[in-house]
Amino acid sequence: MPVPNVVVYNAMFKGYSQNEQYTEVISLFSQMMKVDARPNCYTFPMVLKSCAKVSAFQKGEEVHCLVIKNGFKSNLFVGTTLIELYSSRARRLFELAPERDVVLWNTMVSGYIEAGNLVIARELFVRMPNKDVMAWNTMLRGYADDGDIEACERLFETMPERNVFSWNVLTGGYVRHGYFSEALSAFKRMLVESDVCPNDATLVAVLSACSRLGALDLGKWVHVYAQNIGYKGNLYVENALIDMYAKSGLIENATDVFKGMEKKDLISWNTMIGGLAMHGHDTDALSVFEQMKISGVKPDGVTFISVLCACAHLGLVEDGLAYFNSMANYSLDPEIKHYGCVVDMYARAGLLNQAMDFVKKMPMASDSVIWTSLLGACRTHKNVELAEEALKRLIELEPENPSNYVMLSNIYGEAGKWDKVSKLKVAMRDTGFRKVPGCSLIEVNDRVVEFYSLDERHPEKDEVYESLRGLTKLIKSMAYELRPTEIALEI
């Protein structure tokens, strides 16, 4: 038999590992190193795990050296098994230690959390005597980082003592995993139930939740509160304020905060440029970008997305292409979002053929965002043929999204092709999928209320619909009529 290659060795390693023959894995790896078979990113995790299982820590360190030598030190899977290896060694030394103080306990719990092993971390945490608030926070952070919000909440409620970091872990965990209303509730509870003063991390998390929910009144209150407790001029808080005001539609307030900053970092510039571009202040966005370059701050990929969006809104195709090509000057490789911005720029300008040519020359496959942009442009510029091509691609990428059918149906309607509207309606029904109803968030009496289209859940729905009927009558009295081509499909 010829010398086995790495694929054959990996298959053997996997077989031995599945049968818990870890010493065989290590022995076979030693043989592999003597022949011309270079290990890859699949080899090292199995070998390192085997070293950990049989406590072959010296051999594990040798394998670690080979990991670095072969250029896999940044590989996620290899890195995780390295943490497991050293955690196992640390656990063995920990169990042999004659005395264990709270620092040693915390180090072990934290190590297992970093390795992603919350089961053993929790086991050690339960065994830990004389837990201090740092120990509770460590376990709390483990649950929050893992996305187990329910476990995080349960542990938080049982804490005998909480400091600002405890509240930050809970609030930050809510925000990172999309529980924005809960984050605001936790912040209000922190102010009412505890004597703990929020710090800049608390305020940033709360402002982020405000921006996502559109809770502008609370965001303004946090702005004043932050200044009153000594965080005026804090870079992180002011960046969060710019983001909150921009996403809430108060671009003037965002600009005031930005102009008043003593120090600006990359996030400051990106947030301001993005906010201006998002709200149609495209010329201002490009002006701020030029100021950013003069200031010496190096733009990144996020910066160029906002700049390209501004060019698209202004119809500056040539300028946009120049900015796109200038990314190489900053050692930046365009990603699919940047290519999507250029496609959108062509499409908005009515240059649909150029947009299609650009899509064909992209170094990666186009995604649903790009085809949706083209589909929308086809409606504006009444290009039925390209719209059909865009829908075909979207069906391949998003077969469960009925919104694409609705867009093409509107294009057919505006072109007077009612036979195709009917066929498309039948095709959409045959998919069995329903369009997700529209959702709105409004801030009422210091809390955020969510409404869906035809919502019946709200306790005051009768009053809401009575007001809606009144608004409908008012609109009709002003002789407003929908365009007949706005097709409302029953989905």
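This passage describes helix α18 and its surroundings, the loop residue G249, and the cysteines of a predicted model.

Helix α18 comprises the 14 residues 301-314, for which a rise of 1.5 Å a residue gives an expected span of 20 Å, and the end C-alpha atoms are indeed 20 Å apart, so that the modelled length agrees with the expectation. At the N-terminal end of α18, D300 acts as a cap, with a side-chain oxygen placed 3.2 Å from the backbone nitrogen of V302. Just beyond the other end, G315 follows α18 and adopts a positive phi of about 75°.

Within α18, the buried residues are G301, T303, F304, S306, V307, L308, A310, C311 and A312. These buried residues of α18 pack against four helices, namely α16 (266-278), α17 (282-295), α19 (317-326) and α20 (336-348).

Elsewhere in the chain, G249 is located in the loop that links α14 (235-247) and α15 (251-259). The relative accessibility of G249 is 34%, and this residue therefore counts as partly exposed, a class that lies between the limits of 20% and 50%. Although G249 and M278 stand 29 residues apart along the chain, a distance of 9.3 Å separates their C-alpha atoms.

With regard to the cysteines, the structure contains zero disulfides. C197 has a relative accessible area of 45% and is therefore partly exposed, whereas C210, at 0%, is buried because its value falls under the 20% limit. C311, which belongs to α18, is also listed among the buried residues of that helix.

Technical notes
Residues numbered from 1 in each chain as written. Predicted model: local features only at pLDDT ≥ 70, side-chain atom pairs only at ≥ 80, totals over all residues. Heavy atoms only, no water. Helix = DSSP H or I, 4+ residues; strand = E, 2+ residues; numbered from the N terminus. Expected span 1.5 Å × (residues − 1). Buried < 20%, exposed > 50% of the residue type's maximum accessible area, 1.4 Å probe, protein only. Contact = heavy atoms within 4.5 Å. Polar contact = N/O pair within 3.5 Å; in protein donor to acceptor, adjacent residues only side chain to side chain. Disulfide = S-S within 2.5 Å.
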